[in-house]
Amino acid sequence: MIDTTPNRQQSLQCKNQCRPLGSEALPKGIVAKESNLEMRPLWGSSMQDEKLSSSKNLLAIAVGIKQKEVVNEIVQKFFSSDFLVMLFHYDGIVDEWRDLEWCDSAIHVSAFNQTKWWFAKRFLHPDVVSEYNYIFLWDEDLGVENFHPGRYLSIIKDEGLEISQPALDPAKSDVHHQITARARNSRVHRRMYKSKGSGRCDKNSTAPPCTGWVEMMAPVFSRAAWRCAWYMVQNDLIHAWGLDSLLGYCAQGDRTKHVGVVDSEYIVHLGLPTLGVLDKSEEGQTTSQIIDDRSEVRRQSFIEMQIFKKRWINAVKDDNCWIDPYRQPANRSIH
């Protein structure tokens, strides 16, 4: 009689292995579960290349050619701090960046009239960017004179911030939310205080916009936080309005501790017109024909925010296995 116990045990062991969907027909050792955005040479590559240090952090930024000068200042700072840089060209213009010395070192993705979040959902899948410790997902109209990426990284690591943003210089910026304004003589702040009007905030506040909140203009995500946030970004809601108030669910713990605004490394929000403004001038014309559809963009953003809020409410109601760690009392609502 042949003893099949070892074979049976091996069969059970193999059956319980967790394999990526679709890879079941392959031997486990050949399965490459992750990727990155590093460019590889067409020849001369060897196994020794794997030992070379590659970028450990990523800057992804939506750009248009009209903001070329501002973007150049941003990108130069990040390249000098050993970042990989990815440009999302929403105006379809790529070749006019070629004169910048760093152009060929950046990843370029072009799609006409698409938003930063449209690009991010499609090209920053967590498995593709899993090698990067932090993902900076920025707008283009930001002044970085008082910002240093290396020092910023050191601060958020030390403070344990999974989701963050640099503070805005209130004297020079379009500040839409009080919590994003720079606090003087401060390294980091995690909450704001408001004693007048509606929506008051104090030391006992636990929900956005009082605490656990950053703006979608210049968010910075840890690897784990982005893996969570990517799933929350809706494929069809390209403006991502409403996402900011719920990002705290991706903070890998207490959002009042792991979400914050860095004051000592701050930026300027220039408030330049970008998406929705189209120059229809043709070659040889002396006057430009500017089409400004920003009001329509804003209207669409508001519509999408309402849709997103409804989806969240329905998702919470339909998922009997999910427990809300930030459940509000019945007489209070999430901002």
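The following exchange takes the terms applied to this predicted model and sets each against its cut-offs.

Biologist: How do you know which residues these values rest on?

Modeller: Residues are numbered from 1 along each chain as its sequence is written, and side-chain values use heavy atoms, with hydrogens and water left out. The model is predicted, and local features need pLDDT of at least 70 while side-chain atom pairs count only at pLDDT 80 or more, whereas totals for chains, interfaces and linings use all residues.

Biologist: Why is Tyr 249 called buried or exposed, and why is Trp 312?

Modeller: Buried means under 20% relative accessible area, exposed over 50% and partly exposed in between, with a 1.4 Å probe and protein chains only. Tyr 249 has 18%, so Tyr 249 is buried, whereas Trp 312 has 21% and therefore counts as partly exposed. Across the protein, buried residues make up 42% of the 335 residues.

Biologist: What makes Tyr 249 and Trp 312 an aromatic pair, and which kind is it?

Modeller: Rings of Phe, Tyr and Trp (its six-membered ring) pair if their centres lie within 6.5 Å, and planes under 30 degrees apart count as stacked, over 60 as edge-to-face and the rest as tilted. Tyr 249 and Trp 312 are 5.0 Å apart centre to centre with 50 degrees between the planes, so the pair is tilted. This pair links distant parts of the chain, since Tyr 249 lies in the loop between α5 and α6 (255-258) and Trp 312 in helix α7 (residues 294-318), 63 residues apart; helices (H or I, at least four residues) and strands (E, at least two) are DSSP runs, numbered from the N terminus.

Biologist: Why is the pair of Phe 78 and Phe 83 called edge-to-face?

Modeller: Phe 78 and Phe 83 have 90 degrees between their planes at 4.8 Å centre to centre, and therefore meet the edge-to-face condition. Both residues are buried, and ring pairs join them with Phe 136, Trp 138, Phe 147 and Tyr 152 in a cluster.

Biologist: What makes Lys 121 count as a charge over the ring of Trp 230?

Modeller: The condition is that NZ of Lys or CZ of Arg is within 6 Å of the ring centre and within 35 degrees of the ring normal. The charged end of Lys 121 is 3.6 Å from the centre of the Trp 230 ring, so the distance condition is met. Arg 255 likewise lies over the face of Tyr 326, at 3.7 Å from the ring centre.

Biologist: What makes a set of residues a nonpolar core, and which have the most contacts inside the largest one?

Modeller: A nonpolar core is a set of buried Ala, Val, Leu, Ile, Met, Phe, Trp, Tyr and Cys residues joined through side-chain atoms within 4.5 Å. The largest has 42 residues, and those with the most contacts inside it are Trp 117, Leu 124 and Trp 226. Helix α5 gives the most to this core, with 5 residues.

Biologist: How do you know that Met 217 is buried, and what does Met 217 touch?

Modeller: Met 217 has a relative accessible area of 6%, so Met 217 is buried. Contact means heavy atoms within 4.5 Å, and, leaving aside neighbours within four places in sequence, the contacts of Met 217 include Leu 137, Trp 138 and His 269. The C-alpha atoms of Met 217 and Trp 138 are separated by 5.9 Å, although these residues are 79 apart along the chain.
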